[in-house]
Amino acid sequence: GSRHAASYGENGMNLSYLRKLAADPFAAIRMNFRRWRKKRRGRHLTVVQREDISTDLQDSTTGPVSMKAAPSDREAVCYEGEIANVLEDTGFKVEIDNAERKSPERKTPRGLEMTIADKTIRPMHASSIVHAFRRAGIAIATRINARRRQNDTLYITVGRNDGPAVPKARS
């Protein structure tokens with residue numbers, strides 16, 4: 001409309017924006033940084049969460065863990081790496097398999113999901129890991145998936161970062 005035309009200079013620049021910029025030349029940088037940080041924030045294990053998980057798992061039975069994330073989702077792959085590190089540091093053998101599947105068995109879940117192959121043959125270390133992560137305040141969905149190959153392995157899938165919050169387990 002015509003009422004907006006008055007606030008623009010001859011070259012189409014917004015004059016109020018230019019005045020703000022002249023008054024505070026770093027405002028635009030701060031705004032862009034905030035926008036960038038919001039996009040980049042992503043999921044991370046805090047130092048406290050890492051310590052809590054390590055402490056919880058230090059005396060537990062270890063066992064194989066298989067992890068996967070969509071290779072195209074950089075945020076999920078980074079988070080997967082942080083989780084793998086804390087598990088490896090506490091003695092778990094972690095295998096990361098982020099290969100793109102030709103026919104995905106199903107869509108990658110949102111958030112963090114831990115699955116086992118069979119509810120009657122639960123890997124000893126599975127519930128310890130789930131409880132340690134939940135006690136550290138990390139939302140995790142759990143499922144039984146009969147298509148999983150190994151009965152002794154805990155499968156962790158790191159999905160997109162927009163999963164619904166899973167209620168925290170009481171410790």
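Which residue in E5 is the bridge partner of Ser66? Keep that one in mind while you set up the view; the stop at E5 will settle it. One thing before you start clicking: this is a predicted model.

**Stop 1: the sheet**

Switch to cartoon and find the strands. You have an open sheet of 5 strands, in the order E2-E1-E5-E3-E4, and the pairing is mixed. Select residues 93–96 for E2 and 141–144 for E4: these are the edge strands, each pairing on one side only. Going from one strand to the next, the twist averages 25 degrees. As a reminder, strands of a sheet pair through backbone hydrogen bonds, either parallel or antiparallel.

**Stop 2: strand E5**

Now select residues 154–158, which is E5. Here 5 of the 5 residues are buried, so the strand is largely enclosed by the rest of the structure. Show the side chains: Leu154, Ile156 and Val158 point one way, while Tyr155 and Thr157 point the other way, and all are buried.

Add E1, residues 64–69. E1 and E5 run parallel and are joined by 5 bridges. This is where the opening question gets its reply: Ser66 has Tyr155 as its bridge partner in E5. Val65 is bridged to Leu154 of E5.

Next, add E3, residues 112–116. E3 pairs with E5 too, in the antiparallel sense and over 4 bridges. Pick Glu113 and look across to E5: Thr157 stands opposite.

**Stop 3: Thr115**

Stay in strand E3 and click on Thr115. Is Thr115 buried or exposed? Its relative accessibility is 0%, so Thr115 counts as buried. Draw a distance from its C-alpha atom to that of Tyr155: the two residues are 40 apart along the chain, yet these atoms are separated by 5.0 Å. Leaving aside residues up to four places away in sequence, Thr115 touches Arg143, Asn145, Arg148, Thr153, Leu154 and Tyr155.

**Stop 4: helices on the sheet**

Bring in H5, residues 74–89. H5 lies across E1, E2, E3 and E5, and runs at about 170 degrees to E1. Then colour H6, residues 124–135. H6 packs on the sheet as well, touching E1, E3, E4 and E5, and its direction makes about 165 degrees with that of E3.

Which residues of H6 are buried? Select His125, Ala126, Ile129, Val130, Ala132, Phe133 and Arg134 to see them. Between them, these buried residues pack against H4, E1, H5, E3, E4 and E5. Just after H6, stop at Gly137: its phi is positive, near 90 degrees.

**Stop 5: helix H4 and its two neighbours**

Select residues 47–57 for H4. Its buried residues are Gln49, Ile53 and Leu57. They cover an arc of only 55 degrees around the axis, which puts them on the same side of H4. Spin the helix round to the other side and you'll find Val47 and Val48 exposed. What do the buried residues of H4 pack against? They pack against H5 and H6, and each helix pair deserves a look.

*H4 with H6.* These two pack at an angle of about 145 degrees, with their axes 9 Å apart, and the crossing is right-handed. Show Ile53, Asp56 and Leu57 on the H4 side, then Ser128, Ile129, His131, Ala132, Phe133 and Arg135 on the H6 side; these residues make the contact. Sorted by class, they come to 5 nonpolar, 2 polar and 2 charged.

*H4 with H5.* The angle for this pair is about 35 degrees, and the axes are 9 Å apart. H4 passes H5 in a right-handed crossing. To see the contact, show Arg50, Ile53, Ser54 and Leu57 from H4, which meet Glu82, Val86 and Leu87 from H5. That contact has 4 nonpolar, 1 polar and 2 charged residues.

**Last look**

Finish by keeping just Ile53 and Leu57 of H4 in sticks. Both belong to the contact with H6, and both also meet H5. Both are among the buried residues of H4.

How values were computed
Residues are numbered from 1 along each chain as its sequence is written. This is a predicted model: local features need pLDDT of at least 70, side-chain atom pairs count only at pLDDT 80 or more; totals for chains, interfaces and linings use all residues. Side-chain values use heavy atoms; hydrogens and water are left out. Axes are lines fitted to C-alpha atoms, for helices over the stretch in contact, and angles run from 0 to 180 degrees between N-to-C directions. A crossing is left-handed if the near helix is turned anticlockwise from the far one by less than a right angle, and right-handed if clockwise. Contact means heavy atoms within 4.5 Å. Ala, Val, Leu, Ile, Met, Phe, Trp, Tyr, Cys and Pro count as nonpolar, Asp, Glu, Lys and Arg as charged, and the others, Gly among them, as polar. Buried means under 20% relative accessible area, exposed over 50%, partly exposed in between (1.4 Å probe, protein chains only). Two strands pair if DSSP finds at least two bridges between them. The arc is that of the directions from the helix axis to the C-beta atoms.
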